[in-house]
Amino acid sequence: MKTRDPLLNQPEPVTLFLPVVEALLKKNGCSAKREEIVRCFYQARPRIAIISGSEDHPAHIYDDILIRCLVRDIWSQKGIPFVFKVPSLCDGMAQGHKGMEYSLASRDLTAEIVTGQIIGHHYDAAIFLSGCDKNPAGFLAAALKTNRVYKKEFGKNFIFLFLNTPVMKDIPLPASLKKIMPASEALQALFPETLKCNVYAKYFKVLSGLEKKGRAKESARILRSLAPYVCTTGGTCAFMGTGNTSKFILYSLGLVPDEYALPVLKDYVNPNASRRVTDLLFRLIRNKKDISRIVVENFENSLHVLGCINGSLNWILHFRYLSGLTGYVKDIIHSVHDRPVLIPAD
C-alpha cells in the first residue's frame, strides 16, 4: 500500500500514535473507539498539533483550558489532534542574573526543537499558543522552517495559525499600602500607576535608594507587602514589553484570528472563539494555503507596526533572524499595506 503520506507508508507510526491519541481524547472528554482513530489515520485526516509553552511561564498557565476546547473541536471536525509543550524562558524571571545569558539562545533552541518535533511526527498543521519573550519568534521560525522542508521534500505547505495568550490583570495600589510608604516625591509619583512587574521594579529601586540614605528602614517589609498585589493573574505583562509587542507583530503578519489578537482571559478560553479558529484552520488546509507567503507579504507592514507602537526592541533582532527564513531580504515587498494581508477565510 503506497500513499502520498510518508508516515502511512511505514509499518509502525500509526500503531504508536494510537495510545497517544486515545489518551488525549479521553483526557479532554472525547469518546472514540480505537477503530475510529485508525480509520481517521488511513483516511489521511489532517494531523494537527497544538503547541504551547511551558507552565512555568506566566503566559502559559491557562493554555490547558484552551487546549481542551481545541482538541474537542479538531476531533469533531474529523481531524486528529496532538499536543506538545516546549520550555519557555521568561525574561522577567531571568532578569539581572546569569539566566539572562540564555534568553536569546532559547529562541533558536525553541525553533529547532519544535521544527524537529513537527517534522519527526509529520504533522500536517499546527496551532501555536504563542506567549512572551523569545517564544513567539521561536515558534514562528519553526513554522517557517517546517514549511520550507515540506515544500522541498513533499511538495506541500505546512499550515499554521497563531493564538495570542491573554494579558495580565493589573490593579491600582491599595490605599492601605500608600499609608505605609515613606514620605517621598518619587514614591508618590508611582501611586497612580497600576501594579505591574515593571512598576514593582520601580518601587524596588526607589525604596532601595531611600534605604541607603537612611530614609526607609523597613523597605524589605514594604516590598513584601506590595508583592501580593502584583501579577495577580497569569498572562503577558500589561505594558508594551516583548509579550504585547509580539501580539501586534504576529497579528500584523496575518497569522492571528481577530478573536485572539489581544485577548483577556475570558476571550482566550471562549469555546465559540476556539471553534472559529479550527473552522478557519480546516479551510486553510483544504485550500492548501501558503501561509509563509502571507508572512512575506506582511513583513514590511509589520516593521512599520513595530515603529508605530513603540514596541520592544527585541523584535529588531527577531526580524533580522526571521528575514532569512522568509526570503524577505531577497524578495523585498516595497508597498506598505494600510492594513495586514489577513489569512483568507476562503
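**Entry 1: the cysteines**

I opened with Cys197, which turns out to be partly exposed at a relative accessible area of 30%. A reminder to myself before going on: this is a predicted model. Which cysteine sulfur is closest to that of Cys197? I found it in Cys237, at 3.3 Å. A disulfide needs the two sulfur atoms within 2.5 Å, so this pair is too far apart for a bond. I then looked from the other side: Cys237 is in no disulfide either, and its nearest cysteine sulfur is that of Cys197, 3.3 Å away. Cys237 is partly exposed too, with a relative accessible area of 23%. My search of the whole structure for disulfides came back with zero.

**Entry 2: the sheet**

Next I traced the strands. I get an open sheet of four strands, in the order E2-E1-E3-E4, with parallel pairing. Which strands sit at the edges? They are E2 (80–86) and E4 (159–164), each of which pairs on one side only. From one strand to the next I have an average twist of 20 degrees.

I then zoomed in on the E3 and E4 pair. E3 covers residues 125–130, runs parallel to E4 and is joined to E4 by six bridges. I noted two of the partners: Ala126 is bridged to Phe160, and Leu129 to Leu163.

**Entry 3: edge strand E4**

Is E4 mostly covered or mostly open? Mostly covered: I count six of its six residues as buried. I also sorted the residues by direction. Ile159, Leu161 and Leu163 point one way from E4, while Phe160, Phe162 and Asn164 point the other way, and all are buried. So an edge strand, pairing on one side only, still has every residue under 20% relative accessible area.

**Entry 4: the cores**

I followed Phe160 inward. The largest nonpolar core holds 74 residues, and Phe128, Phe160 and Leu255 have the most contacts inside it. Which element gives the largest share of this core? Helix H6 (residues 135–154) does, with eight residues.

For Phe160 I listed the contacts beyond four places in sequence. They are Ala126, Phe128, Leu140, Ala143, Leu144, Leu255, Ile291 and Ser292. It is nice to see Ala126, the bridge partner of Phe160, on that list. Phe128 and Leu255, also well connected in the core, are there as well.

I also picked up a second, separate core of 16 residues. Among its members are Leu177, Leu187, Leu195 and Ala216.

**Entry 5: Ser54**

Where is Ser54? I placed Ser54 in the loop between strand E1 (47–53) and helix H3 (63–76). Is Ser54 buried or exposed? Buried, because its relative accessibility is 16% and the cut-off is 20%. Leaving out residues up to four places away in sequence, I see Ser54 touching His60, Val86, Pro87 and Ser88. With Ser88 I noted a polar approach: a polar atom of the Ser54 side chain lies 3.0 Å from the backbone nitrogen of Ser88.

**Entry 6: Asp279**

Last stop for the day: Asp279, which I found in helix H13 (residues 271–287). Asp279 is partly exposed, with a relative accessible area of 26%. How far is Asp279 from Asp91, going by C-alpha atoms? I get a separation of 34 Å, for two residues that are 188 residues apart along the chain.

Definitions and conventions. Residues numbered from 1 in each chain as written. Predicted model: local features only at pLDDT ≥ 70, side-chain atom pairs only at ≥ 80, totals over all residues. Heavy atoms only, no water. Buried < 20%, exposed > 50% of the residue type's maximum accessible area, 1.4 Å probe, protein only. Pairing = 2+ DSSP bridges. Axes fitted to C-alpha atoms, helices over the stretch in contact; angles between N-to-C directions. Core = buried A, V, L, I, M, F, W, Y, C linked by side-chain atoms within 4.5 Å. Contact = heavy atoms within 4.5 Å. Polar contact = N/O pair within 3.5 Å; in protein donor to acceptor, adjacent residues only side chain to side chain.
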